Amino acid sequence: MEELIKWHYVTSRPLTENVYIWDGTIPEDEETVIVSDGETVWVDMWMYYGDDDYNFESVSDLKEFYWASIPKPPIREVE
């Protein structure tokens with residue numbers, strides 16, 4: 001059975017004047033996922049940088065994004 005890709009929407013929102021938090025389900029630490037900013041799609045790793053700072057390894061200025069786990073291929077039984 002084919003597995004459909006489930007996209008998660010995440011946005012940042014202000015917690016205080018200078019502190020923002022992610023609002024939505026974020027990937028697991030060091031999880032490689034499919035990411036989209038609504039225009040471009042790429043593969044990236046979600047990283048923890050300390051002091052409650054999470055962001056992608058290659059892009060750190062996103063204010064909102066979509067992400068999805070990379071689907072695993074089906075395992076075929078050998079006869």
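**Exercise 1. Place Glu-30 in the chain and describe its backbone and its exposure.**

Solution. Glu-30 lies in the loop that joins β2 and β3. The structure is a predicted model, and the values below are computed from it. The next step is the backbone angle: phi of Glu-30 is near 65 degrees, which is a positive value in a residue that is not glycine. The last step is the accessibility. Glu-30 has a relative accessible area of 52%, and the cut-off for exposed is over 50%. Glu-30 is therefore exposed.

**Exercise 2. State how many helices and strands the protein chain has, and decide whether the chain is more spread out than a compact globule or not.**

Solution. Begin with the count: there are 6 strands and 0 helices in the protein chain. Along the sequence the pattern reads β-β-β-β-β-β. Now compare two radii. The protein chain has a radius of gyration of 15 Å, while the globule rule gives 12 Å for 79 residues. The value for the chain is well over that of the rule, so the chain is more spread out than a compact globule. As a further description, the C-alpha atoms fill a box of roughly 60 × 25 × 20 Å along the principal axes.

**Exercise 3. Describe the burial, the surface, the contacts and the charges of the protein chain as a whole.**

Solution. Take the four points in turn.

- Burial: 25% of the 79 residues count as buried.
- Surface: about 6,600 Å² is exposed, and carbon and sulfur atoms supply 50% of this area.
- Contacts: among contacts with a separation of 6 or more, 43% are between residues 24 or more positions apart.
- Charges: there are 19 negative and 5 positive side chains, and the centres of the two sets are 6 Å apart.

**Exercise 4. Classify the ring pair of Trp-22 and Phe-65, and say which strands it links.**

Solution. Two quantities are needed. A pair of aromatic rings is described by the distance of the centres and the angle of the planes. The whole structure holds 8 aromatic pairs. In the pair of Trp-22 and Phe-65, the ring centres are 5.2 Å apart and the planes stand at 75 degrees. Planes over 60 degrees apart count as edge-to-face, so this pair of Trp-22 and Phe-65 is edge-to-face.

Next, locate the two residues. Trp-22 belongs to strand β2 (residues 20–23) and Phe-65 to strand β6 (residues 64–69). They are 43 residues apart, and the pair links distant parts of the chain. Both also belong to a cluster joined by ring pairs, which contains Trp-22, Trp-46, Tyr-48, Tyr-54, Phe-56 and Phe-65. Phe-65 has 1% relative accessibility and so counts as buried.

**Exercise 5. Asp-37 and Gly-38 are both found between β3 and β4. Which class of exposure does each residue have?**

Solution. Asp-37 sits in the loop between β3 (32–36) and β4 (41–48), and Gly-38 is also placed in the loop between β3 and β4. Asp-37 has 35% relative accessibility and thus counts as partly exposed. Gly-38 has a relative accessible area of 57%, so Gly-38 is exposed.

Then look at what surrounds Asp-37. Apart from neighbours within four places in sequence, Asp-37 is in contact with Trp-42 and Leu-62. The C-alpha atoms of Asp-37 and Phe-65 are 4.7 Å apart, although 28 residues separate them along the chain. For Gly-38 and Leu-4, 34 residues apart along the chain, the C-alpha separation is 19 Å.

**Exercise 6. Find the strands of His-8, Trp-67 and Val-43, and decide whether each residue is buried or exposed.**

Solution. Work through one residue at a time, leaving aside neighbours within four places in sequence when listing contacts.

1. His-8 is in strand β1 (residues 8–14). Its relative accessible area is 17%, so His-8 is buried. His-8 is in contact with Thr-25, Phe-65, Tyr-66 and Trp-67.
2. Trp-67 is in strand β6. Trp-67 is buried, with a relative accessible area of 5%. The residues that Trp-67 touches include Lys-6, His-8, Thr-25, Pro-27 and Val-35. The C-alpha atoms of Trp-67 and Arg-13 are 17 Å apart, with their positions 54 residues apart along the chain.
3. Val-43 is in strand β4. At 53% relative accessibility, Val-43 counts as exposed. Val-43 touches Thr-32, Val-33 and Ile-70.

Technical notes: Residues are numbered from 1 along each chain as its sequence is written. This is a predicted model: local features need pLDDT of at least 70, side-chain atom pairs count only at pLDDT 80 or more; totals for chains, interfaces and linings use all residues. Side-chain values use heavy atoms; hydrogens and water are left out. Helices (H or I, at least four residues) and strands (E, at least two) are DSSP runs, numbered from the N terminus. The radius of gyration is taken over C-alpha atoms; the globule rule is 2.2 Å times the number of residues to the power 0.38. Buried means under 20% relative accessible area, exposed over 50%, partly exposed in between (1.4 Å probe, protein chains only). Contact means heavy atoms within 4.5 Å. Accessible areas come from the Shrake-Rupley method with a 1.4 Å probe; for residues, only the protein chains shown count as cover. Lys and Arg count as positive and Asp and Glu as negative; His and the chain ends are not counted. The place of a charge is taken as NZ of Lys, CZ of Arg, CG of Asp or CD of Glu. Rings of Phe, Tyr and Trp (its six-membered ring) pair if their centres lie within 6.5 Å; planes under 30 degrees apart count as stacked, over 60 as edge-to-face and the rest as tilted.
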